[in-house]
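Good morning, and thank you for making time for this item. I would ask you to keep the sequence and the structure in view while I speak.

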Amino acid sequence: MEIRKHERGNLKTEYGVLVERLLPWPALNAPFEGAWCVIEPGGATTPHSHHEYEIFIAASGSAVIESEGERKPFAAGDLVYMQPNKHHQIVNESDADFQFFSVWWDTDMSDRFQARDQA
């Protein structure tokens with residue numbers, strides 16, 4: 001077992017919010033990547049889309065997720081799946097941090113995983 005500790009001091013700005021990329025790491029052979037994300041009160045991710053599949057797992061607080069003209073509440077305990085190339089943004093309209101984990105993958109990541117796994 002290997003435990004990776006989240007360190008708020010390691011957060012860097014990506015997509016307009018605070019992010020700590022946690023995956024991959026050398027001991028982990030996984031077909032995906034991930035990051036711990038913090039949206040401060042009044043903040044939002046930069047609206048964007050990308051070719052990867054993605055899930056968001058809300059850990060604490062509440063926010064709103066917007067995608068393709070839809071706007072829905074997103075709160076601790078919720079899980080959101082985003083298909084590739086869907087324009088999306090997460091907005092924290094609350095007065096507390098919104099924290100979530102993002103996991104993304106594509107076929108290239110899966111191919112690299114399989115090659116490492118078979119080596």
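I shall go through the sheets, then the backbone at certain loop residues, then the aromatic residues, and finally the pockets. Please bear in mind throughout that this is a predicted model.

Let me begin with the six-stranded sheet. Its strands follow the order S1-S2-S3-S9-S4-S7, the pairing is antiparallel, and the sheet is open. S1 and S7 occupy the edges with a single partner strand each, so one side of each has no neighbour in the sheet. Ignoring direction, neighbouring strands here are turned by 35° against each other on average.

Within this sheet, I would draw your attention to S2. On one side, strand S1, residues 12-14, pairs with S2 in the antiparallel sense over three bridges. To fix the register, Lys-12 is found opposite Val-19 in S2, and Glu-14 is found opposite Val-17 in S2. The hairpin of S1 and S2 has two residues between the strands, and there Tyr-15 adopts a positive phi near 50°. On turning to the partnership of S2 with S3, we again find antiparallel pairing, here over five bridges. Leu-18 faces Val-38 of S3 in that pairing, standing opposite to it.

Is S2 buried or exposed? Six of its seven residues are buried, so S2 is largely enclosed by the rest of the structure. For the reasoning, recall that buried here means under 20% relative accessible area.

We come now to the three-stranded sheet. This one is also open, with the order S6-S5-S8 and antiparallel pairing. S6 and S8 are its edge strands, each pairing on one side only. From one strand to the next, the twist averages 25°. The antiparallel strands S5 and S6 are joined by six bridges. One register point there is Ile-65, which stands opposite Lys-72 in S6.

Which residue in the loop between S5 and S6 deserves a closer look? I would choose Glu-68, which lies in that loop. Although Glu-68 is not a glycine, it has a positive phi of about 50°. Its relative accessible area is 51%, so Glu-68 counts as exposed, the cut-off being over 50%.

A second residue invites the same inspection. Asn-85 sits in the loop between S7 and S8. This residue is not a glycine either, yet it has a positive phi of about 65°. With a relative accessible area of 55%, Asn-85 is likewise exposed.

Next, a brief word on the aromatic residues. How many aromatic pairs does the structure hold? There are six aromatic pairs. One aromatic cluster is formed by Phe-56, Phe-74, Phe-98 and Phe-100.

I turn finally to the pockets. Rolling a probe the size of a water molecule over the atoms reveals where empty space remains. The largest pocket has a volume of about 250 Å³. Its lining comprises 19 residues, and those nearest its centre are Tyr-15, His-48, Glu-54, Ser-102 and Trp-104. Two or more lining residues come from each of strand S2 (17-23), strand S3 (33-39), strand S4 (53-60), strand S8 (88-91) and strand S9 (98-105). Sorted by class, the lining of this pocket has nine nonpolar, six polar and four charged residues. You will recall Tyr-15 from the hairpin of S1 and S2, where it takes the positive phi.

The second largest pocket holds about 190 Å³ of space. Which strands supply at least two residues each to its lining? They are strand S5 (62-67), strand S6 (70-75) and strand S7 (79-82). Among the lining residues are Glu-66, Glu-70, Arg-71, Tyr-81 and Gln-83. Ile-65 and Lys-72, which we met as an opposed pair, both belong to this lining. Glu-68, the loop residue with a positive phi, also lines the second largest pocket. By class, four nonpolar, two polar and six charged residues make up that lining.

To close, I return to two points. S2, with six of its seven residues buried, is one of the strands that give two or more residues to the lining of the largest pocket. S5 and S6, joined by six bridges, are among the strands that each supply at least two residues to the lining of the second largest pocket. Thank you for your attention.

Key. Residues are numbered from 1 along each chain as its sequence is written. This is a predicted model: local features need pLDDT of at least 70, side-chain atom pairs count only at pLDDT 80 or more; totals for chains, interfaces and linings use all residues. Side-chain values use heavy atoms; hydrogens and water are left out. On a 1 Å grid over the protein atoms alone, a cavity is a set of points where a 1.4 Å probe fits but cannot get out, and a pocket is an open set with protein on both sides within 12 Å along at least five of seven lines; lining residues have an atom within 4 Å of a point. Grid points are joined across faces, edges and corners, and a volume is the space filled by probe spheres set on the points. Helices (H or I, at least four residues) and strands (E, at least two) are DSSP runs, numbered from the N terminus. Ala, Val, Leu, Ile, Met, Phe, Trp, Tyr, Cys and Pro count as nonpolar, Asp, Glu, Lys and Arg as charged, and the others, Gly among them, as polar. Rings of Phe, Tyr and Trp (its six-membered ring) pair if their centres lie within 6.5 Å; planes under 30 degrees apart count as stacked, over 60 as edge-to-face and the rest as tilted. Two strands pair if DSSP finds at least two bridges between them. Axes are lines fitted to C-alpha atoms, for helices over the stretch in contact, and angles run from 0 to 180 degrees between N-to-C directions. Buried means under 20% relative accessible area, exposed over 50%, partly exposed in between (1.4 Å probe, protein chains only).
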